[in-house]
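Please work through the following exercises on a ligand and its surroundings. Each task is followed by a solution in steps.

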Amino acid sequence: MRLQGKVALISGGARGIGAAHARLFAKEGAEVVIGDLLDEGNMVAAEIQQAGGKARFVRLDVSNEDDWRRAIAEAVGPGRLNVLVNNAGISGSQWGDSLTPEAWDAIMEVNVTGVFLGTRAAVGEMLKAGGGSIINISSQMGIVGSGATHPAYNASKGAVRSLTKAVAMQYARQGIRCNSVHPGPIDTPMADAIYHDPKKLEWVHSMVPLGRRGNPEEVAAGSLYLASDESSYVTGAELVIDGGWVAQ
Ligand code: NAD
């Protein structure tokens, strides 16, 4: 098993891409902690336990520093954290959104400040554990622009992309690796409003050279490599999992 003996905290793990990470990481031997605002995280943890894996749920608002401290102290335990997946995010991608300061702040608070606070809370524990792997779920929208997303979403995911490289440089000599993952359109509740509209769905598929949306498991498979020791020489990198969107 590729993550045997590792403890992994996954933010936003109650559904979508985060839940796929939790299921796959547990299957590969990790002890998984799911942090989310949604109580559905309890069901994902129970499902993993029933399948013979180790998982628990902790309520976590990624934009709240005290929540991070409590989640790590109570659910993970001191000096035990090996892997952090900063996955929780909000899109604000409804077409026709107006760019208000309130919408900007809300997106930045979860997508950027949440990643910063998670990293800040995790680093000390990873240093005690002798190193670790931080995986930040950005987006292909952190690399290219789009008329269809809220500009704050692109800006937030671009910030995650460069924050990842800064953290990678800061902690490289202390055994903490930090990489970003850039999914394209993935079939999760986040994008339901787009995928249920035939016209918008057609546009999405037209943008993907592979001609379809991805599924959450295809993203988790990339993160599994970054979480495992197989990627021991990889830090500050961008793993694009987008069906070819940014390659064209
Ligand atoms: P989702 O909406 O299905 O799941 C997001 C999860 O994050 C939910 O469980 C939600 O409760 C949680 N969350 C939101 N705000 C939170 C907060 N403040 N504190 C804790 N948890 C919070 O979305 P998803 O598609 O699974 O997205 C996961 C990540 O992948 C996000 O960062 C998203 O931006 C990114 N992403 C998604 C897509 C896509 O097409 N679905 C594409 C590229 C990147």
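The exercises below concern a predicted model and treat first the pocket, then the ligand.

**Exercise 1.** State the volume of the largest pocket and identify the residues closest to its centre.

*Solution.* Step one is the volume, which is about 930 Å³ for the largest pocket. Step two is the lining: 42 residues line this pocket, and Gly89, Ile90, Ser91, Thr188 and Met190 are the closest to its centre.

**Exercise 2.** Determine which helices or strands supply at least two residues of the lining of the largest pocket, and characterise the lining by residue class.

*Solution.* Begin with the elements: α1, α5, α6 (192–195) and α7 (198–207) each supply at least two lining residues. Of the elements, α1 gives the most, with three residues. Then sort the lining by class, which yields 24 nonpolar, 14 polar and four charged residues.

**Exercise 3.** Locate the ligand and describe the shell of residues around it.

*Solution.* The ligand is placed in the largest pocket. Two elements, α1 (16–27) and α5 (151–171), are those that give two or more residues to the shell around the ligand. The shell, counted with a cut-off of 4 Å between heavy atoms, holds 29 residues, of which Arg15, Asp36, Asn87, Tyr153 and Thr188 come nearest to the ligand. By class, the shell residues divide into 17 nonpolar, eight polar and four charged.

**Exercise 4.** Examine the ligand oxygen atoms at Asn87, Ile186 and Thr188, and state how much of the ligand the protein covers.

*Solution.* Apply the polar-contact cut-off of 3.5 Å between N or O atoms. At Asn87, a polar backbone atom is 2.7 Å from an oxygen atom of the ligand. At Ile186, a polar backbone atom is again the partner, with a ligand oxygen atom at 2.8 Å. At Thr188 the partner is an N or O atom in the side chain, 2.5 Å from an oxygen atom of the ligand. Finally, consider the cover: on its own the ligand has 820 Å² of accessible area, and the protein covers 94% of this.

Key:
Residues are numbered from 1 along each chain as its sequence is written. This is a predicted model: local features need pLDDT of at least 70, side-chain atom pairs count only at pLDDT 80 or more; totals for chains, interfaces and linings use all residues. Side-chain values use heavy atoms; hydrogens and water are left out. A polar contact is a pair of N or O atoms within 3.5 Å; within protein, one must be able to donate a hydrogen and the other to accept it, and residues adjacent in sequence count only if both atoms are side-chain atoms. Accessible areas come from the Shrake-Rupley method with a 1.4 Å probe; for residues, only the protein chains shown count as cover. On a 1 Å grid over the protein atoms alone, a cavity is a set of points where a 1.4 Å probe fits but cannot get out, and a pocket is an open set with protein on both sides within 12 Å along at least five of seven lines; lining residues have an atom within 4 Å of a point. A molecule sits in a cavity or pocket if more than half of its atoms lie within 2 Å of its grid points. Helices (H or I, at least four residues) and strands (E, at least two) are DSSP runs, numbered from the N terminus. Ala, Val, Leu, Ile, Met, Phe, Trp, Tyr, Cys and Pro count as nonpolar, Asp, Glu, Lys and Arg as charged, and the others, Gly among them, as polar. Grid points are joined across faces, edges and corners, and a volume is the space filled by probe spheres set on the points.
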